[in-house]
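The exercises below ask you to read a protein model step by step. Try each task on the structure before you go through its solution.

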Amino acid sequence: MTTSNHPDHLLISQVSIDFPTPKGPFRALDKVNLRIEKGEFVSIIGHSGCGKSTVLNIVAGLYQATEGGVILDGREVNEPGPERAVVFQNHSLLPWLTAYENVELAVKQVFKGKKSRAEMKEWIEHNLTLVHMDHAMHKRPDEISGGMKQRVGIARALAMEPQVLLLDEPFGALDALTRAHLQDSMMEIQSTLGNTVIMITHDVDEAVLLSDRIVMMTNGPAATVGEILDVNLPRPRNRVEMAEMPEYIRCRHAVLQFLYERHGRKEASTPKAKVAAASADEESEPAKGNVVTMSKVTAKAA
Ligand SMILES: Nc1ncnc2c1ncn2[C@@H]1O[C@H](COP(=O)(O)OP(=O)(O)OP(=O)(O)O)[C@@H](O)[C@H]1O
Ligand SMILES: [Mg+2]
């Protein structure tokens with residue numbers, strides 16, 4: 001964890017949100033509070049439907065909190081901005097553009113006047129190569145798999161060099177090997193750039209491996225922060241070495257206990273579900289793809 005040069009880099013303060021429904025307002029989040037330091041890697045974990053994406057969307061500036069708010073470096077967040085790139089849970093690449101062009105759109109927006117045409121091209125290719133998409137960068141979203149779309153979304157977000165990277169189950173639709181590779185790249189990139197990351201995940205091991213802190217959310221409605229766990233593992237982290245460390249085992253156990261013993265859902269409380277619980281929420285939809293970066297332009301398009 002890097003030390004903060006601003007006492008409150010990112011502050012989520014007393015955030016509550018009511019969604020309008022035919023039966024009246026539905027309180028999805030109730031008084032969510034979280035203080036995040038610059039360069040910190042924070043994961044949010046919780047059962048399906050508890051409100052994780054809603055928290056992220058509020059930080060992204062896409063949803064407006066009914067009460068409370070978000071402050072980034074002293075300024076209130078009330079709209080999307082390129083300093084907060086999002087990799088969404090659902091696919092949100094522009095379908096008529098190739099992978100390259102999807103990344104280009106974001107890069108042009110952020111680096112116009114700062115990078116030359118050739119530099120931008122190199123930068124776009126660099127980021128697509130990082131996520132192993134260099135071989136298919138001129139394909140359109142309907143010509144590539146869900147996992148590939150997800151990777152383009154990650155490349156697009158990284159290419160914006162955002163201060164805050166908001167990731168909604170970014171590795172959910174990937175095979176285990178690609179997932180591990182991208183988790184490692186994400187740790188490397190983050191340690192180089194020092195950006196703040198908020199990542200939603202259902203995967204307990206992923207949360208422990210990547211995070212400085214794990215925010216565990218209670219079940220909805222009116223979900224809130226239940227507990228926050230500090231992960232005191234040294235960096236750089238090697239997944240094989242970590243797996244044996246007492247601190248790793250302690251953190252993993254603490255998260256599992258929170259999710260499946262203290263805040264278990266009825267459906268997840270059978271012995272079979274408990275065994276399967278180690279690495280995901282049974283309720284989650286399969287193979288959620290992902291992607292997108294946030295900006296005023298792409299927010300509308302998404
Ligand atoms: N735009 C909306 N209008 C009405 N209700 C909504 C809206 N967005 C989310 N909700 C409700 O708010 C709650 C939280 O939803 P959210 O998508 O944040 O959950 P989540 O924790 O991200 O779930 P998952 O793990 O399945 O992605 C759910 O009950 C959901 O139905
Ligand atoms: Mg979600």
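**Exercise 1.** In what order do the four strands of the open sheet lie, and which strands stand at its edges?

*Solution.* The model is a predicted one, and in it the four strands of the open sheet follow the order β2-β1-β4-β5, with antiparallel pairing. The next step is to look for strands with a single partner: these are β2 and β5 (75-76), which stand at the edges, so one side of each is left without a neighbour in the sheet. To see one pairing in detail, take strand β1 (residues 10-19), which is joined to β2 by seven bridges and runs antiparallel to it. Within that pairing, V15 has V32 in β2 as its bridge partner.

**Exercise 2.** Work out whether the end-to-end distances of helices α2 and α8 agree or disagree with a rise of 1.5 Å a residue.

*Solution.* Begin with α2 (residues 99-111), whose 13 residues should span 18 Å at 1.5 Å a residue; the C-alpha atoms at its ends are 18 Å apart, which agrees. Just after this helix comes G113, which has a positive phi, near 85 degrees. Now turn to α8 (residues 246-262), where 17 residues should span 24 Å and the end C-alpha atoms lie 22 Å apart, which also agrees.

**Exercise 3.** Which residues of α8 are buried, and what covers them?

*Solution.* The buried residues of α8 are Y248, C251, V255, F258 and L259. Their cover includes the strands β3 (41-45), β9 (213-217) and β10 (225-230), together with the helices α6 (204-210) and α7 (239-242). One of these buried residues, V255, is also listed among those with the most contacts inside the largest nonpolar core, which has 76 residues.

**Exercise 4.** Which helix gives the largest share of the largest nonpolar core, and which residues does A155 touch?

*Solution.* Helix α4 (residues 146-159) gives the largest share of this core, seven residues. A155 is among the core residues with the most contacts inside it, as is V103. If residues up to four places away in sequence are left out, A155 touches V103, N127, L128, L130, V131 and M133. V103 is in turn one of the buried residues of α2.

**Exercise 5.** How many residues surround ligand 1, and how do they divide by class?

*Solution.* Ligand 1 is surrounded by 14 residues, of which the closest are F19, S48, K52, S53 and T54. The elements giving two or more residues to this shell are β2 (26-36) and α1 (52-60), and α1 provides the largest share, three residues. By class, the shell has four nonpolar, nine polar and one charged residues.

How values were computed: Residues numbered from 1 in each chain as written. Chains lettered and ligands numbered in written order. Predicted model: local features only at pLDDT ≥ 70, side-chain atom pairs only at ≥ 80, totals over all residues. Near = placed C-beta within 6 Å. Nonpolar A, V, L, I, M, F, W, Y, C, P; charged D, E, K, R; others polar. Expected span 1.5 Å × (residues − 1). Buried ≥ 20, exposed ≤ 12 C-beta atoms within 10 Å, placed from the backbone. Contact = placed C-beta atoms within 7 Å. Pairing = 2+ DSSP bridges. Core = buried A, V, L, I, M, F, W, Y, C linked by C-beta atoms within 7 Å.
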